Amino acid sequence: MGKATGFLELDRQDRSYADPKERLTHYKEFIVPLPEDKLKAQASRCMNCGIPYCHNGCPVNNIIPDWNHLVYEGDWKNALEVLHSTNNFPEFTGRICPAPCEASCTLNIDDAPVTIKSIECAIVDKGWQEGWIEPQIPLHKTGKAVAVVGSGPAGMACAQQLARAGHSVTLFEKNDRMGGLLRYGIPDFKMEKDLINRRLMQMQAEGVVLKESTEVGVHVSMESLRENFDAVVMSGGAEEARQLTIPGAEKSGVRLAMEFLTQQNKRNAGDDEMRAAPRGSILATGKHVIVIGGGDTGSDCVGTSNRQGAASVTQIEIMPKPPVRENKALSWPDWPMKLRTSSSHEEGCERDWSILT
Ligand SMILES: Cc1cc2nc3c(=O)[nH]c(=O)nc-3n(C[C@H](O)[C@H](O)[C@H](O)COP(=O)(O)OP(=O)(O)OC[C@H]3O[C@@H](n4cnc5c(N)ncnc54)[C@H](O)[C@@H]3O)c2cc1C
Ligand code: SF4
């Protein structure tokens, strides 16, 4: 624990966003990072709890109190090593993870958790800037070959770990670019795709063979994978969208989020959006948009519609409006049901609840 009284002396301070008027003119990330001195001060708020609930709240069990301490001490390089010991891609999670660690943080009982996600992102961004992140080429090869099917974050992390353990890994992806929903679902304004490309280059240097535009079951059979590899990892994600089974859902203006979002990400990358457009291209420009579903994917559709210049955006949700502040006695340290207002909502959107479409 860097500073015993840090949490008593300092208020929580987090990253800010660029002005909505400015950020709506492009699809780039718009988070304004905290300067290094402020990050160190924020890291000093960590109490190094006897039971670090943050650590348990994190799905990959990031060793949060340790890197908070190291950042407070200014030892960014070791902080990066501790962070990488549990997390292959902290620059992804530092941008788009919903941060259940912060909900679990003991200081969240007072609504002022440690700014864990921002500190995580700063550690890894600094690591890349300083050139500390290099390919980790295995010293010994095992002679075993593994096929990983599906290149979302699960497949990428799996392929990287297996290659570092000395196996010969081939990563198969049916789309023309690697990354799964990170690449095609999550809008660029939440996470720019160069971050994925940079990791893929690191993975190639570590020996991972990337096979894009190769659908297992179509271009390569499962039998051939079984013949040519010692093990096969299935990391194909969950691609079947939930359909809206009501009259009118088949009309041309009613589209699934993943058609809409993928097309925009492809446009941004300069790719052929029609490859993701079985029902034709769609743009919200000048249109009145209703987003059905009040979750994060819906919120991404709000942000994308506003960037495309929609005339209006309304998001509707089947559940009742949740409370602004959760009942901590009932929810902490678990993930609370509460009203969440995303950066996309702040950019302009009407929201309504308890609506069955
Ligand atoms: C719009 C949207 C926004 C999201 N935002 C966030 C967020 O902000 N924060 C967050 O934490 N999570 C977010 N998520 C969830 C997150 O993206 C997923 O949980 C995560 O990507 C799942 O990873 P995965 O590797 O299991 O699968 P996926 O990312 O789905 O990757 C699976 C890959 O397997 C490939 N594949 C499937 N079958 C085959 C085959 N037969 N041959 C070859 N390749 C195949 C697919 O093409 C795909 O590329 C979001 C999801 C969506 C849809
Ligand atoms: S729960 Fe919060 S204060 Fe406690 S160790 Fe984790 S980050 Fe630090």
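In this report Ala, Val, Leu, Ile, Met, Phe, Trp, Tyr, Cys and Pro count as nonpolar, Asp, Glu, Lys and Arg as charged, and the others, Gly among them, as polar. With that in hand, the lining of the largest cavity divides into 12 nonpolar residues, 2 polar and no charged.

A few ground rules come next. This is a predicted model, in which local features need pLDDT of at least 70 and side-chain atom pairs count only at pLDDT 80 or more, while totals for chains, interfaces and linings use all residues. Residues are numbered from 1 along each chain as its sequence is written, chains are lettered from A and ligands numbered from 1 in the order in which they are written, and side-chain values use heavy atoms, with hydrogens and water left out.

**Cavities**

The structure holds 2 cavities of 30 Å³ or more. A cavity here is a set of points, on a 1 Å grid over the protein atoms alone, where a 1.4 Å probe fits but cannot get out, and lining residues have an atom within 4 Å of a point. Grid points are joined across faces, edges and corners, and a volume is the space filled by probe spheres set on the points.

The largest cavity has a volume of about 90 Å³. Of its 14 lining residues, C46, C49, C54, C105 and T106 are the closest to the centre. Two elements, α4 (53–57) and α5 (64–73), each give two or more residues to this lining, and α5 gives the most, with 3 residues. Such elements are DSSP runs numbered from the N terminus: helices (H or I) have at least four residues and strands (E) at least two.

The second largest cavity holds about 30 Å³ of space. Its lining is made of M1, G2, A43, C46, N48, P65, N68 and H69, and α5 again gives the most, with 3 residues. By class, this lining has 4 nonpolar, 4 polar and no charged residues.

**The second largest pocket**

Now for an open space. A pocket is an open set of grid points with protein on both sides within 12 Å along at least five of seven lines. The second largest pocket has a volume of about 1,800 Å³, and of its 49 lining residues P98, W335, R340, T341 and S342 are the closest to the centre. α17 (343–346) gives the most to the lining, with 4 residues. Its classes are 19 nonpolar, 11 polar and 19 charged. Domain 1 (6–129) and domain 3 (257–352) each supply at least three residues to the lining, with domain bounds taken from an automatic or database domain assignment.

**Ligand 1**

Which residues come nearest to ligand 1? Of the 28 around it, they are I96, A154, E173, L181 and V216; a residue belongs there if one of its heavy atoms lies within 4 Å. The polar contacts below are pairs of N or O atoms within 3.5 Å.

| Ligand 1 atom | Protein partner | Distance |
|---|---|---|
| oxygen | polar backbone atom of A154 | 2.9 Å |
| oxygen | N or O atom in the side chain of K190 | 3.0 Å |
| nitrogen | polar backbone atom of V216 | 3.0 Å |

Taken alone, ligand 1 exposes 1,000 Å², and the protein buries 78% of that; accessible areas come from the Shrake-Rupley method with a 1.4 Å probe. The elements giving two or more residues to the shell are α10 (153–164), α14 (257–269) and α15 (296–308). The shell divides into 11 nonpolar, 11 polar and 6 charged residues. At least three shell residues come from each of domain 2 (145–234) and domain 3 (257–352).

**Backbone notes**

Most residues other than glycine have a negative phi, and most peptide bonds are trans. N61, in the loop between α4 and α5, has a positive phi near 55 degrees. A cis peptide bond joins W332 and P333, with omega about 5 degrees, and P333 lies in the loop between α16 (328–331) and α17.

Definitions and conventions
Polar contact = N/O pair within 3.5 Å; in protein donor to acceptor, adjacent residues only side chain to side chain.
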